[in-house]
Amino acid sequence: MYKSVIIGVGGGRSHGHADAYQYVKRGRVVAVCDLLPGPMDEFGDKFDVSARYTDYREMFEKEKPELVQVSTPPNVRLEILEAAEAAGVPLAIVEKPLAIQGEDYVALRDFVARKPKIKVAINHQLQFHPRRQRLQKLVADGAIGDLRFVEASSGMNLAYQGTHSLQAIGAFNPANPTTVFGQVSGADGLQPNVKEHYAPDQSLAAVEYDNGVQATLRCGENAPRVPRGDAIYQHKRIAVYGMKGYAHWTMWGWETFINGVYESGEHEYPDEDVLGQAAMCEAMFDWLEDDSALHPLNLERALVDFNVILALYASSLNHEVVAIPYEPEADLVPKLRRALA
Ligand SMILES: NC(=O)c1ccc[n+]([C@@H]2O[C@H](COP(=O)([O-])OP(=O)(O)OC[C@H]3O[C@@H](n4cnc5c(N)ncnc54)[C@H](O)[C@@H]3O)[C@@H](O)[C@H]2O)c1
């Protein structure tokens with residue numbers, strides 16, 4: 001059995017990480033870490049984890065885990081990866097968003113360039129939801145013909161949910177982005193907040209890919225609503241259009257229209273999510289056992305995706321089409337905050 005540890009267990013998301021272990025065959029949670037002992041004790045009692053730490057370095061030293069799962073705010077990413085690497089931890093799953101703006105993105109890119117031994121994936125676990133897997137395979141097998149257009153959206157802003165929808169575009173269209181043209185508005189989401197998630201309230205990006213596919217990404221108040229989605233976080237979706245039809249996934253249902261035949265159905269997001277999270281962990285263990293079993297959500301790939309968000313910010317600030325790869329200018333978030341105030 002591989003040993004997993006979770007950092008940042010005072011927040012809601014960490015419960016999703018721990019819940020998934022009822023389905024993870026090759027791993028178990030042996031210890032947790034948080035700066036706040038009270039919430040950590042509640043979590044530890046709920047999931048029956050007795051080893052609890054307020055210092056993750058000490059946890060790495062004593063527990064010698066194979067996998068660390070990082071569920072902190074996004075300003076606590078690189079320091080944990082560096083400490084885990086130094087302690088010889090071989091695997092890390094890091095929650096989205098991997099970064100917020102150019103400076104933290106470049107720091108992570110520099111970390112990857114140093115070719116660290118630790119294998120890192122970003123927690124866009126929707127890639128592994130059973131329904132998403134079926135639809136992704138259908139499209140990859142050519143059921144809707146050559147892809148032409150992808151349209152993805154999320155009810156929350158780019159920092160909270162946008163990277164899930166952006167990753168979904170890559171899941172259905174595994175190609176490299178080449179240009180971004182976009183617009184943003186609304187500064188509420190750019191104000192100081194305890195979760196350290198900063199993004200404009202609404203955004204729209206037109207993205208071109210090197211295989212000729214065009215995509216749009218809409219995140220925030222301007223995104224389309226999903227049937228059965230009550231709360232703001234229940235509106236992630238993606239539709240992909242090809243020469244023979246389309247496939248559409250939402251948090252609560254799906255539909256396909258292929259060669260004139262329409263089919264649809266529903267699913268429960270929480271049920272899909274716990275299985276997706278478990279499969280995400282198993283894919284990490286595959287990667288540990290076999291270097292060639294590259295995890296599809298690896299950090300290097302996620303950095304390519306995140307560059308689209310940085311390019312979108314530059315496009316809206318400077319009113320121009322931005323080529324990818326885009327070398328980010330300094331202080332994108334403060335600049336957006338000023339521009340949108
Ligand atoms: N993948 C998903 O579907 C999904 C869903 C929800 C949230 N998330 C992401 O998960 C992350 C966590 O979200 P949340 O709402 O649980 O966050 P939160 O801010 O409520 O909780 C984060 C926890 O991390 C702890 N922490 C901060 N710095 C630490 C440190 N140096 N060492 C140890 N602990 C530390 C805090 O004390 C807190 O308990 C966010 O990045 C969020 O975007 C992902």
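## Helices 3 and 4

Helix 3 (residues 56-63) packs against helix 4 (residues 78-86) at an angle of about 25°, and their axes are 10 Å apart. Angles under 35 degrees count as roughly parallel, and helix 3 and helix 4 are therefore roughly parallel to each other. Helix 3 passes helix 4 in a right-handed crossing. On the helix 3 side, the contact is made by Tyr56, Arg57 and Phe60; on the helix 4 side, by Ile80, Ala83 and Ala84. By class, the residues of this contact of helix 3 with helix 4 are five nonpolar, no polar and one charged.

The model described here is predicted.

## The six-stranded sheet

One open sheet has six strands in the order 3-2-1-4-5-6, with parallel pairing. Its edge strands, each pairing on one side only, are strand 3 (51-53) and strand 6 (119-122). From one strand to the next, the twist averages 25°.

Strand 5 (residues 91-94) and strand 6 run parallel and are joined by four bridges. Within this pair, Leu91 has Lys119 in strand 6 as its bridge partner. Helix 8 (residues 269-289) packs on the sheet, where it touches strand 1 (2-7), strand 2 (27-33), strand 4 (67-70), strand 5 and strand 6. The direction of helix 8 makes about 150° with that of strand 5.

## The nine-stranded sheet

Another open sheet has nine strands in the order 14-13-12-11-7-10-9-8-15, and its pairing is mixed. The edge strands here are strand 14 (261-266) and strand 15 (322-323), each of which pairs on one side only. Strands of a sheet pair through backbone hydrogen bonds, either parallel or antiparallel.

Several antiparallel pairs can be followed in detail. Strand 12 (residues 245-250) pairs with strand 13 (residues 253-258) in the antiparallel sense over five bridges, and Tyr246 has Phe257 in strand 13 as its bridge partner. Strand 8 is joined to strand 9 by eight bridges, and the two run antiparallel; Thr179 stands opposite Glu208 in strand 9. Strand 8 is also joined to strand 15, by two bridges and again in the antiparallel sense. In that pairing, Val180 stands opposite Val322 in strand 15.

## Helices 7 and 9

Helix 7 lies across strand 7 (147-154), strand 9 (202-209), strand 10 (214-220) and strand 11 (237-242), and runs at about 160° to strand 7. Helix 9 packs on the sheet as well, touching strand 8 (177-185), strand 9 and strand 15. The direction of helix 9 makes about 55° with that of strand 8. Strand 9 is thus listed for helix 7 and for helix 9.

The two helices also meet. The axes of helix 7 (residues 158-172) and helix 9 (residues 299-318) come within 10 Å and cross at roughly 125°. That angle makes helix 7 oblique to helix 9. Their crossing is right-handed. From helix 7, Leu158, Gly162, Thr163, Leu166, Gln167 and Gly170 take part in the contact, and they meet Asp305, Phe306, Val308 and Ile309 in helix 9. The residues of this contact of helix 7 with helix 9 divide into five nonpolar, four polar and one charged.

## Around the ligand

The ligand is surrounded by 24 residues, of which Gly8, Gly10, Gly11, Arg13 and Glu95 are the closest. The shell around the ligand consists of 10 nonpolar, nine polar and five charged residues.

## Backbone details in the loops

Two cis peptide bonds can be pointed out. One is the bond from Lys96 to Pro97, with omega near -10°. Pro97 has its place in the loop between strand 5 and helix 5 (102-113). The other runs from Ile324 to Pro325 and has omega near 0°. Pro325 lies in the loop between strand 15 and helix 10 (332-340).

A positive phi is found at Glu196, a residue other than glycine, where the value is near 55°. Glu196 lies in the loop between strand 8 and strand 9, and these strands are the pair joined by eight bridges.

How values were computed:
Residues are numbered from 1 along each chain as its sequence is written. This is a predicted model: local features need pLDDT of at least 70, side-chain atom pairs count only at pLDDT 80 or more; totals for chains, interfaces and linings use all residues. Axes are lines fitted to C-alpha atoms, for helices over the stretch in contact, and angles run from 0 to 180 degrees between N-to-C directions. Angles under 35 degrees count as roughly parallel, over 145 as roughly antiparallel, 65 to 115 as roughly perpendicular and the rest as oblique. A crossing is left-handed if the near helix is turned anticlockwise from the far one by less than a right angle, and right-handed if clockwise. Two residues are in contact if their C-beta atoms, placed from the backbone, lie within 7 Å. Ala, Val, Leu, Ile, Met, Phe, Trp, Tyr, Cys and Pro count as nonpolar, Asp, Glu, Lys and Arg as charged, and the others, Gly among them, as polar. A residue is near a molecule or strand if its C-beta atom, placed from the backbone, lies within 6 Å of it. Two strands pair if DSSP finds at least two bridges between them.
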